[in-house]
Amino acid sequence: MPSKFRYQPCREFNVVVLGAGGVGKSCLTAQFVHNEWIESYDPTIEDSYRTQQSIDGRQVVLEILDTAGTEQFVAMRDLYMKSGQGFLLVFSITSKSSFEELEMLRDDIIRVKDDEDIPIVIVGNKADLEDQRAVDRAKAFALSQRWHAPYYEASARTRTNVDEVFIDLCRQMLRRDDSHDDSRDEPTSNRADEWGAKRRRRKKRKERCIIL
Ligand SMILES: Nc1nc2c(ncn2[C@@H]2O[C@H](COP(=O)(O)OP(=O)(O)OP(=O)(O)O)[C@@H](O)[C@H]2O)c(=O)[nH]1
Ligand SMILES: [Mg+2]
């Protein structure tokens with residue numbers, strides 16, 4: 001049966017929020033899940049949140065893992081990268097080193113998942129601190145093009161683009177899930193080889209840069 005006529009159950013996805021210490025991962029998550037702003041800085045060990053969202057008329061349950069940015073807790077990384085289906089890679093526009101850390105995080109995701117085509121959104125947080133900007137928008141956009149992953153500038157403080165980054169990630173995870181369902185529906189003899197399918201999916205994605 002074509003997928004559009006099929007009953008669509010509520011999907012559940014594991015989202016992992018990654019990035020250097022202090023870039024605002026917990027604040028972005030708290031704004032998205034609870035609509036609250038946290039002024040103080042309390043480094044995270046690991047927190048998880050469960051939230052139900054309606055995305056384009058479809059019910060989605062997100063299990064969001066807010067991870068630790070500081071080095072002493074990174075041993076758990078491989079474990080949660082394995083179970084993650086979508087990743088927010090967060091840096092602060094006021095910190096060059098936090099931007100540079102993203103490369104290593106993505107390499108780790110690809111290594112652990114053994115897949116280059118994982119739903120990712122790049123988030124340049126603290127966009128309200130424009131006067132302290134240390135990462136050129138053009139540099140972040142170049143990374144977004146190279147990875148074929150959307151880039152958003154966001155602010156947990158002003159709640160700018162907070163919903164948007166999570167919703168974009170949800171859409172990517174839903175698309176990926178749907179395309180896997182479709183390929184499962186095809187008879188085995190017609191099924192394209194997995195690498196070909198991955199290449200086509202990658203081609204279909206567009207680079208996007210969403211700023212304030
Ligand atoms: N101006 C501004 N400050 C922010 C923003 N997001 C977070 N902060 C502040 O930055 C500090 C760190 O924020 P957290 O969300 O705790 O950072 P984190 O990435 O979770 O840090 P770790 O848990 O140590 O990895 C806090 O004092 C926040 O109030 C933002 O968008 N703008
Ligand atoms: Mg935190």
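**Figure 1. Gly-69 sits in the loop between β3 and α2 (77-83).** The model shown here and in the other views is predicted. Gly-69 is buried, because 22 other C-beta atoms lie within 10 Å and 20 or more count as burial. A partner distant in sequence is Gly-21, 48 residues apart along the chain. In space the two C-alpha atoms are 3.8 Å apart. Neighbours within four places in sequence set aside, Gly-69 contacts Gly-19, Ala-20, Gly-21, Gly-22, Val-23 and Lys-25. Gly-69 also belongs to the residues that come nearest to ligand 1.

**Figure 2. Ligand 1 has 24 residues around it.** Those that come nearest are Gly-24, Ser-26, Pro-43, Thr-44 and Gly-69. By class, the shell holds 8 nonpolar, 11 polar and 5 charged residues. Which helix gives the most to this shell? Helix α1, residues 25-34, does so with 3 residues.

**Figure 3. Strands β2 and β3 form an antiparallel hairpin.** β2 covers residues 46-55, and β3 covers residues 58-67. The two are joined by 10 bridges. Glu-46 stands opposite Thr-67 of β3. Between the strands there are 2 residues. Asp-56 in this hairpin takes a positive phi, near 50°.

**Figure 4. Strand β1 pairs in the parallel sense with β3 and with β4.** β1 runs over residues 11-19. Its pairing with β3 has 7 bridges. Here Glu-12 has Val-61 of β3 as its bridge partner. The pairing with β4, residues 86-92, has 5 bridges. Leu-18 stands opposite Leu-89 in β4.

**Figure 5. The largest nonpolar core has 44 residues.** Leu-88, Leu-89, Ile-122 and Val-123 touch the most other members. Helix α5, residues 162-185, gives the most to this core, with 6 residues. Nonpolar side chains tend to be buried together in soluble globular proteins. What does Leu-89 contact, leaving aside its neighbours within four places in sequence? The contacts of Leu-89 are Leu-18, Gly-19, Leu-102, Leu-105, Arg-106, Ile-120, Ile-122 and Val-123. Leu-18 is also the residue that stands opposite Leu-89 across the strand pair.

**Figure 6. Helix α4 has a buried side and a face turned away from it.** α4 spans residues 137-147. Ala-140, Leu-143 and Ser-144 are its buried residues named here. They lie on the same side of α4 because they cover an arc of only 100° around the axis. An α-helix has 3.6 residues a turn, so residues three or four places apart point the same way. The face turned away carries the exposed residues Ala-138, Lys-139, Gln-145 and Arg-146. After α4 comes His-148, with a positive phi near 55°.

**Figure 7. The protein chain combines 6 helices and 7 strands.** From the N terminus on, their order is β-α-β-β-α-β-α-β-α-β-α-α-β. The chain has 212 residues, and 35% of them count as buried. Consider contacts between residues at least 6 apart in sequence: 74% join residues at least 24 apart. The contact between Gly-69 and Gly-21 spans 48 residues of sequence.

Key
Residues numbered from 1 in each chain as written. Chains lettered and ligands numbered in written order. Predicted model: local features only at pLDDT ≥ 70, side-chain atom pairs only at ≥ 80, totals over all residues. Near = placed C-beta within 6 Å. Helix = DSSP H or I, 4+ residues; strand = E, 2+ residues; numbered from the N terminus. Nonpolar A, V, L, I, M, F, W, Y, C, P; charged D, E, K, R; others polar. Pairing = 2+ DSSP bridges. Buried ≥ 20, exposed ≤ 12 C-beta atoms within 10 Å, placed from the backbone. Arc of directions from axis to C-beta. Contact = placed C-beta atoms within 7 Å. Core = buried A, V, L, I, M, F, W, Y, C linked by C-beta atoms within 7 Å.
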